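Subject: Structure for you to look at

Hello,

Here is the structure I said I would pass on. Please open it next to this message while you read.

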Amino acid sequence: MQRVLRTKGNKVMNEPTIIEQLETATAQAVSSAELVTGLQANLDEAVTENATLTASVETLTAQSELLTAENAEFTATICKLTVSQTELQATVATQATALSHPAYLDAVNGADGAEESGGEGSALTMREQYKSISSPTEKSKFFRENKTAILAGE
Amino acid sequence: MATTIDAAFTGDIVSQSALRGFNDTLIPLEVFATDYGGELTQGNTTVNVPVYDANSGADTYAGSYITGAGGSVSNIPVVVDVHKKKTVSFTDTQFANTFPSAIKSEEFGYQMGAGLAANVLADILSLVTAANFGSAAYTDVAANFDSDDVVDIKTVCDAANMTKVMRGLVLSDAYYNALLKDTSIKDASSYGSSDGIVAGFIPNVAGFKTWQTGGVPANAENLVGFACIKSAIAVAMRYLQPQSPERYDAANELSDPETGIVLGWRDHFDPNTGTRYMNLECNYGKAVGQAAGLKRIVSA
C-alpha cells in the first residue's frame, strides 16, 4: 500500500513508508543471507573438490615416481642386455672363425674328405668318402692315405 | 679278429691294391720315356712320346732365339696296340672263404697287380735285343758280376756319348744280388749307406740309378739287364673304356697318383654259375727310340 504524500500546494507525492522500507531491507537481508549460504555451500564444495584433487595429485605423483623408478630399472636392464648382445656377437664371431679354421675342418672331416665332399666329409665314413670321389687319381691317392681306416671299416 | 668287408667294397680294395702292386713292379720303366694317362678313344691309337736328346750341342747365340728350335726334341710314335689282362674268378664258396677279410683282399689285389705288371714288363723288355741296340756292353755269368763291371759298363755308355745324368741300370735278380755281395756295396762304411746290407736295396752305382726286376724275358738273347737313358724306349698307356660300363658291377679307370700309370678294372657276377669275375687290364704300346741310348748286359 502506498501512502499518499502531501506537499505544499497540495501536490501529491508517492513515497515508501518506513515499514515498506524495512520490509524491503529485510527482504534484501534475507536474499543476501541466502546468497551467503549458497556461496558457503559452493566454498565447502570447492574445498572438498580441492581435497579430492590433492589426493589424486598425490596418488599420481606416487605413481609417477614408481614409473620413473621402474623406467630407470628397465633402462639399466636394457644396457646390460645390450652389453650381453655385443659380447655374444663377439663370441659368435670368434667361434665362427675358429670353426672355419682349416685345422679344425681337417680334424673333423679329414683333409681329403672335406676337399672332395665340399666340407661334408664329417657325415660320411671313410669308405663313403672314397666312393664319392670321381677322379681315378684322387681316388687312389685317398685310398693310400687312408688305407688303414678304410680296411678297418671306418 | 680280421675286419670283414661287404662284397661290394671288396672290388675297390682288390683293385686299388692291384694298382699298387702293378706300379711297384713296373717301377723300372722309369728308365724309359713314358706317356701315361688319358683314355683310349679308338683302337691302336698312336701316342707321340717326346724324348729329349740332352747331348745335342748348344747353339752359339747368333742374334735370335728361334734358330735351332726342335733340334733336340723328337717324338717317338707309339701305337697302343697291346691289351693284357688278368682275370680271376670266384665261386660263392671260394669268395666267402677268401674275401671277408680286408687284409686278404689287399694281399690278393697286390699279387694280382704284380702278376700283370711282370707280364707287361717282360713284353716291353722284349724290345731289348741285339737287333735293336747292338752288341752287349757286358757278357758274363752273375757270379762274376761286381761293381767294377758296372764301372766298365759306364765306360761303354760314356763312349757312346750317352748323357751322364738320369742314367738307369736295370738288372735281373741274380745280377742285382751279385752286386749286393760286393763288399764295396754291402759294407756301409764303404758304400756310404746301409741300404744294401739292411734292405737289399742299391740306390745308385757308378752314376746309375739302379733297379732290380724279375721281368727280364727268357729268350735267346740271354738278356740279364741293361744300362740306358730315357730316350732308348718309349712306352704309352691308355685306359680302354668299356662299351657299356653300366652292364658291369664295376668298370672304372685306375690311375696311380705317383707315376700316372693307368689300368682298367672290370668286376661282374655271373648268376648262372654263381661266379664273380674280376679283371685287371692294361692297354699299352712300346717302341724303340734311340738305339744308342741303351747298352745290353747278357749272360752269354
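Below are notes on how the two chains touch and on the cysteines.

This is a predicted model, in which local features need pLDDT of at least 70 and side-chain atom pairs count only at pLDDT 80 or more, while totals for chains, interfaces and linings use all residues. Residues are numbered from 1 along each chain as its sequence is written, chains are lettered from A and ligands numbered from 1 in the order in which they are written, and side-chain values use heavy atoms, with hydrogens and water left out.

The contact (heavy atoms within 4.5 Å) involves 15 residues of chain A and 21 residues of chain B. Together the chains bury about 1500 Å², 55% of it on carbon and sulfur atoms; buried area is the accessible area (1.4 Å probe) that two parts lose on being put together, summed over both. On the chain B side, Phe9(B), Gln16(B) and Pro257(B) lose the most area to chain A, together 40% of what that side buries.

There are four salt bridges between chain B and chain A, a salt bridge being a side-chain nitrogen of Lys or Arg within 4 Å of a carboxyl oxygen of Asp or Glu. Asp256(B) and Arg144(A) form a salt bridge through their side chains, at 2.5 Å from N to O.

As for cysteines, the count of disulfides (cysteine sulfur atoms paired within 2.5 Å) is zero over all chains. Cys282(B) is buried (under 20% relative accessible area), at 0%. Cys79(A) is partly exposed (between that limit and exposed, which is over 50%, with a 1.4 Å probe and protein chains only), at 45% relative accessibility.

Regards
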